[in-house]
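Work through the exercises below with the model open. Try each task before reading its solution.

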Amino acid sequence: MRLLACATAAALVLGGFAAPAEAATSAYGYAWADGQGRLRLVPKKAARVKGTKFHRLASAAGAKELRLGYAKAAYGRVTTACDLKETEGRVALDGNGLGRTRCAPADLTASLTRGPVPVRVEYRSGAATRVNEILLNEWPEPRTATGTIKRVNDTTVLFASGGKTVKLGYTYATTFSRTTARCGDGWLTGRPVNADKNGLGKKPCRWTDLTKALKTVRYPVLAKIDYTPGSGALNQVWEVFGDA
């Protein structure tokens, strides 16, 4: 029986028949750059808002982060041109509410540098084959919290508070409020000359200064943050000096 099965398989191969390709899987969520040329996405529950082309995203229990290459992916934007940052009041959506302006992987890279992109992704074997932007009926509300942050890479941190840890991404839009004398100082380096009465930093600095400061510490550090839980966006970080 085994010899017959092997012979049948060999005959199929010689006859020009190949094993069926792996079926594509789809997922919705907020796409982020992973810092290594891929996108990362935590799958969300998606639903069309009745009577519109907008979508609503909600948390999916047990969803695990995906990391997908997209070098050969088709990219559909909701904007009317690939290089636009905003829709500017005109949208390009198909009947399913998916972006239909045909763009290149390089355009997706540009989009990811600006922050989270709500998308529908089709993928197989660890690579995205199609990425379509979607329009949301509303973006999740930001929150403030105090806890610890730890660097993952130049655009990502782990934030821990109340026994929970979440991964947050940041971009050039993220602000960093420092207690130190200079924006380029190491974390909590020197006297807290720019700390308020609660020990919170008040010197305005840039996202690149946050990256540089986190590279000077090996362990999680105390911080107050403003973040958007649904999209995983880190909006602002306050350095905290406990003895101020």
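**Exercise 1: Strand E15 and its partners**

E15 is mostly covered: 6 of its 8 residues are buried. The model is a predicted one.

Task: find which strands are joined to E15 by bridges, and how they run.

Solution.
- Step 1. Start with strand E10, residues 143–153. It is joined to E15 by 7 bridges, and the two run antiparallel.
- Step 2. Pick out one bridge. Arg143 has Tyr227 as its partner in E15.
- Step 3. Turn to strand E16, residues 233–239. Here 6 bridges make the link to E15, again with antiparallel strands.
- Step 4. Locate Thr228. Opposite this residue stands Ala233 of E16.
- Step 5. Look at the hairpin of E15 and E16. It has 4 residues between the strands, and Gly232 takes a positive phi near 75 degrees.

**Exercise 2: Aromatic pairs**

Task: classify the ring pairs Phe159–Tyr227 and Phe176–Trp187 as stacked, tilted or edge-to-face.

Solution.
- Step 1. Recall what is needed. The distance of the centres and the angle of the planes describe a pair of aromatic rings.
- Step 2. Note the total: the structure holds 4 aromatic pairs.
- Step 3. Take Phe159 and Tyr227. Their ring centres are 5.8 Å apart and the planes lie at 45 degrees, so this pair is tilted.
- Step 4. Place them. Phe159 is in strand E11 (residues 156–161) and Tyr227 in strand E15 (residues 221–228), so the pair ties together parts 68 residues apart in sequence. Both Phe159 and Tyr227 are buried.
- Step 5. Take Phe176 and Trp187. The centres are 5.8 Å apart, but the planes are at 20 degrees; stacked pairs have planes under 30 degrees apart, so this pair is stacked.
- Step 6. Place these too. Phe176 belongs to strand E13 (residues 175–178), while Trp187 is in the loop between E13 and strand E14 (203–205), 11 residues away.
- Step 7. Check burial. Phe176 has a relative accessible area of 0% and Trp187 one of 8%. Buried means under 20%, so both qualify.

**Exercise 3: A charge over a ring**

Task: which ring does the charged end of Lys224 sit over?

Solution.
- Step 1. Find the ring of Trp238. The charged end of Lys224 sits over this ring.
- Step 2. Read the distance: 5.2 Å from the ring centre.

**Exercise 4: The surroundings of Thr175**

Task: is Thr175 buried, partly exposed or exposed, and what is it in contact with?

Solution.
- Step 1. Place Thr175: strand E13.
- Step 2. Read its relative accessibility, 35%. Thr175 therefore counts as partly exposed.
- Step 3. Set aside neighbours within four places in sequence. Thr175 is then in contact with Cys205, Asn235, Gln236 and Val237.
- Step 4. Compare sequence and space. Thr175 and Trp207 are 32 residues apart in sequence, with 5.8 Å from C-alpha to C-alpha.

Note on methods:
Residues are numbered from 1 along each chain as its sequence is written. This is a predicted model: local features need pLDDT of at least 70, side-chain atom pairs count only at pLDDT 80 or more; totals for chains, interfaces and linings use all residues. Side-chain values use heavy atoms; hydrogens and water are left out. Rings of Phe, Tyr and Trp (its six-membered ring) pair if their centres lie within 6.5 Å; planes under 30 degrees apart count as stacked, over 60 as edge-to-face and the rest as tilted. Buried means under 20% relative accessible area, exposed over 50%, partly exposed in between (1.4 Å probe, protein chains only). A charge sits over a ring if NZ of Lys or CZ of Arg is within 6 Å of the ring centre and within 35 degrees of the ring normal. Two strands pair if DSSP finds at least two bridges between them. Contact means heavy atoms within 4.5 Å.
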